[in-house]
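Welcome, and please have your viewer open with the chain drawn as a cartoon. We will go from stop to stop, selecting a few residues each time and looking at what is around them.

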Amino acid sequence: MVHSLATVVELVNTSPSTGGDEGLAGLAELQAFVESREISGVGRLTARDLGQLRMVREAFHRVFTAADQPSAVRLLNALLSETRITPRLTEHDGHPLHVHYFAADATLAEHVAADCGVALAHLLVEGEAERLRTCAAPDCERVFVDESRNRSRVYCDSRTCGNRMHVAAYRARRRA
């Protein structure tokens, strides 16, 4: 689940909707994403895979930025209804026994939608929708899952946005 949540965060943050450049500009970037997230069972990637994954990415972005939990549930249900989910236990590539939720012949987009969608569904079922966040830095729209014990994380990355905002606050206090 942790891996799938990290994958969906990384996927969503490749979108221009999060304030950056297109992170999946072509097949080379798609291949790099698949390799970095260790997405298994993926054959030769095509332009169709790229287009489909971009659509899934935007659907996940809408889940993260939903106004409330009922909206997030509705959006995630819509995404999951388009996905063939076939849970099965598997061991591969040195990973311990785990569950895959995608059908054996799934496309890359179905694979990601199923595995990441189920991870998000578990988060929502546990009443943890507030853990789906957008960075609080005014110039950043990246998403993240707040895994802190007290649900207090507000920046996508404490070393970049968090540090930048803390330095700005310190300088503002010194000027005052």
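A pocket, for this tour, is an open set of grid points with protein on both sides within 12 Å along at least five of seven lines, and its lining residues have an atom within 4 Å of a point. Its volume is the space filled by probe spheres set on the points. One thing to keep in mind throughout is that this is a predicted model.

**Stop 1: the second largest pocket**

Select Q52, M55, V56, A59, L79, E82, T83, T107, A109, E110 and A113, and show their side chains; together they line the second largest pocket. The space inside comes to about 240 Å³. Now colour helix α3 (47-64) and helix α5, each of which supplies at least two residues of this lining. Which element gives the most to the lining of the second largest pocket? It is α3, with 4 residues. If you colour by chemistry, you should find 6 nonpolar, 3 polar and 2 charged residues around this pocket.

**Stop 2: the largest pocket**

Next, select H3, S4, H98, H100 and D115. Of the 19 residues lining the largest pocket, these lie nearest its centre. Two or more lining residues come from each of α1 (2-12), β2 (95-102) and α5 (108-125). The pocket has a volume of about 430 Å³. Strand β2 deserves its own colour here, as the largest share of the lining, 6 residues, comes from it. By chemistry, the lining of the largest pocket divides into 7 nonpolar, 9 polar and 3 charged residues.

**Stop 3: the largest nonpolar core**

Hide the pockets and turn to the interior. In soluble globular proteins, nonpolar side chains tend to be buried together. Select F60, F64 and L120, which have the most contacts inside the largest nonpolar core, a set of 35 residues. The elements giving two or more residues to this core are α1, α2 (27-36), α3, α4 (69-81), α5 and β4 (143-145). Helix α5 provides the largest share, 9 residues.

Stay with F64 and show what is around it. Setting aside neighbours within four places in sequence, F64 is in contact with V8, V9, V12, L120, L132, R133, V143, F144 and V145. Another core, of 7 residues, lies apart from the largest one, and A137, C140, F144 and Y155 are among its members.

**Stop 4: a histidine in α3**

Select H61, which sits in helix α3. Is H61 buried or exposed? H61 counts as buried because its relative accessible area is 13%, below the 20% cut-off. Leaving out residues up to four places away in sequence, H61 touches V12, S17, T18 and V143.

**Stop 5: two loop residues with positive phi**

Go to E38, in the loop between α2 and α3. E38 is not a glycine, yet its phi is positive, at about 50°. Its relative accessibility is 47%, so E38 counts as partly exposed.

Now jump to R151, in the loop between β4 and α6 (158-175). R151 also has a positive phi, about 55°, although it is not a glycine. With 33% relative accessibility, R151 is partly exposed.

**Stop 6: residues brought together by the fold**

Select A25, in the loop between α1 and α2, and then R54. These two are 29 residues apart in sequence, and their C-alpha atoms are 9.8 Å apart in space. Beyond residues up to four places away in sequence, A25 touches L50 and R54. A25 is partly exposed, with a relative accessible area of 48%.

For another pair, select V73, in helix α4, together with A129. Their C-alpha atoms are separated by 9.2 Å, with their positions 56 residues apart along the chain. V73 is partly exposed, at 30% relative accessible area.

**Stop 7: an annotated stretch**

Finally, select residues 131-174, where UniProt, in an unreviewed entry, places the feature "domain: Zinc finger CGNR". Over this stretch the chain is 39% helix and 14% strand. Draw a distance between the C-alpha atoms at its two ends, and you should read 33 Å.

Notes:
Residues numbered from 1 in each chain as written. Predicted model: local features only at pLDDT ≥ 70, side-chain atom pairs only at ≥ 80, totals over all residues. Heavy atoms only, no water. 1 Å grid on protein atoms, 1.4 Å probe; cavity = no way out; pocket = protein on both sides within 12 Å on 5 of 7 lines; lining within 4 Å. Nonpolar A, V, L, I, M, F, W, Y, C, P; charged D, E, K, R; others polar. UniProt positions renumbered as here; feature names shortened; annotations may be inferred. Core = buried A, V, L, I, M, F, W, Y, C linked by side-chain atoms within 4.5 Å. Buried < 20%, exposed > 50% of the residue type's maximum accessible area, 1.4 Å probe, protein only. Contact = heavy atoms within 4.5 Å.
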